[in-house]
Structure formats: structure tokens, C-alpha cells
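Trainee: Could you take me through one part of this model, the pockets and what lines them? I'd like a close look, with the cut-offs spelled out.

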Amino acid sequence: MAQYALIMLLAGIGIPILAALNAALGTRIGNPAAAATVLFLVALLASSLVFIVGGGTGLSRVASAPKHLLLAGVLIAFYVLSITYIAPHFGIGNAVFFVLLGQLISAAAIDHFGLFGAQATALSITRIGGIALMAAGVWLTQLA
């Protein structure tokens, strides 16, 4: 379990870095959508390499998977396009803070209702308090 937490911590550390790098690329080349396209091309190459090294199996079953599961690709494109465009105008911290708040709310709903095959975990008063505390933190960052 500790290795999972560490990997996800590193992924979380990477999100603001991704936002800053891609926003800077979008600003430098003058087109956030072009920067997002480059990001996805590099990501395709990286994930293809991991796929091949990992044995290269599973793609044949994609056609039989429920089509709504492919919405994840649209959602990541929305995230990358929005952060690449908005971060230079709104600030990396502000953009990521609101993304994080949205993630907490969405994750709590997914867990509470067991959506998309997730293990159902009831929304407790402690979890609600944590989300409210994070929302207060986001609000406080906007005051400065």
C-alpha cells in the first residue's frame, strides 16, 4: 500500500509541473491547443513504450469494453486544454487548487455511490469536513 501512496504522491506532484510546463509551451508557441497536441503525442510515445515493454496485451479487448469508459480520453483532453489555456491567465496555483477541489468532490461522489466499478465508501461527516476544509483553503488562497 505504501508504494501506491508514493506513486500517487509523485503523480500529484507532477500535475502542477505538467500545468506549468504545458502552459509555458502554449504561451511560447502562441497556441495552447498545439501545446496540448504535442503533450499528447509525447504521452502517446511514452505510454506506447510502457505498453510494449509490459507485454503489449489488452488492446484487442478495447472494442468489447463499454463505450462510456472511453470518455476518460475526452476528460483528460479537457483537463490538459483547460489548464494549458487558463493557467497563464489565472496562475498555476489557482488553477491547480480548483482542479484539486473538483477532484475531491468528484472522488467523494464516485466513492459514495460506487460509480464506474469503484469500491463504495460512504460519505462520512469526516470526509465532508475534509472537503469543506479544502474548499476553505482554496477560498483563502484567493484572498491573498
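**The two pockets and their surroundings**

Mentor: Let's start with the second largest pocket, which holds about 240 Å³ of space. Here a pocket is an open set of points on a 1 Å grid over the protein atoms alone, where a 1.4 Å probe fits, with protein on both sides within 12 Å along at least five of seven lines; lining residues have an atom within 4 Å of a point. The volume is the space filled by probe spheres set on the points, which are joined across faces, edges and corners. Keep in mind that this is a predicted model: local features need pLDDT of at least 70, side-chain atom pairs count only at pLDDT 80 or more, and totals for chains, interfaces and linings use all residues. Residues are numbered from 1 along each chain as its sequence is written, and side-chain values use heavy atoms, with hydrogens and water left out.

Around that second largest pocket you'll find M8, L9, A11, G12, I15, P16, V96, V99, L100 and Q103. Two elements give two or more residues to this lining, α1 (2-29) and α4; helices are DSSP runs of H or I, at least four residues, numbered from the N terminus. The most comes from α1, with 6 residues. By type, the lining has 8 nonpolar residues, 2 polar and no charged, where Ala, Val, Leu, Ile, Met, Phe, Trp, Tyr, Cys and Pro count as nonpolar, Asp, Glu, Lys and Arg as charged, and the others, Gly among them, as polar.

Now the largest pocket, with about 340 Å³ of space. Its lining is I15, A72, L75, I76, F78, Y79, S82, V99 and Q103, and the elements giving two or more residues are α3 (71-90) and α4 (92-113). Helix α3 has the largest share, 6 residues. Again no charged residue takes part: the split is 7 nonpolar and 2 polar.

Back on α1, L6 lies in that helix and joins L9, L10, I13, I17 and L21 in a nonpolar surface patch of about 600 Å². L6 counts as partly exposed because its relative accessibility is 49%, between the limits for buried (under 20%) and exposed (over 50%), with a 1.4 Å probe and protein chains only.

As for α4, D111 in that helix pairs with R127 in α5 (residues 125-143), 16 residues apart. Their side chains meet in a salt bridge at 3.3 Å, N to O; the rule asks for a side-chain nitrogen of Lys or Arg within 4 Å of a carboxyl oxygen of Asp or Glu. R127 is partly exposed at 30%, and so is D111 at 23%.

Technical notes:
Patches are made of residues with over 30% relative accessible area and no salt bridge: like charges are joined within 9 Å, nonpolar side chains (Val, Leu, Ile, Met, Phe, Trp, Tyr) within 5 Å. Accessible areas come from the Shrake-Rupley method with a 1.4 Å probe; for residues, only the protein chains shown count as cover.
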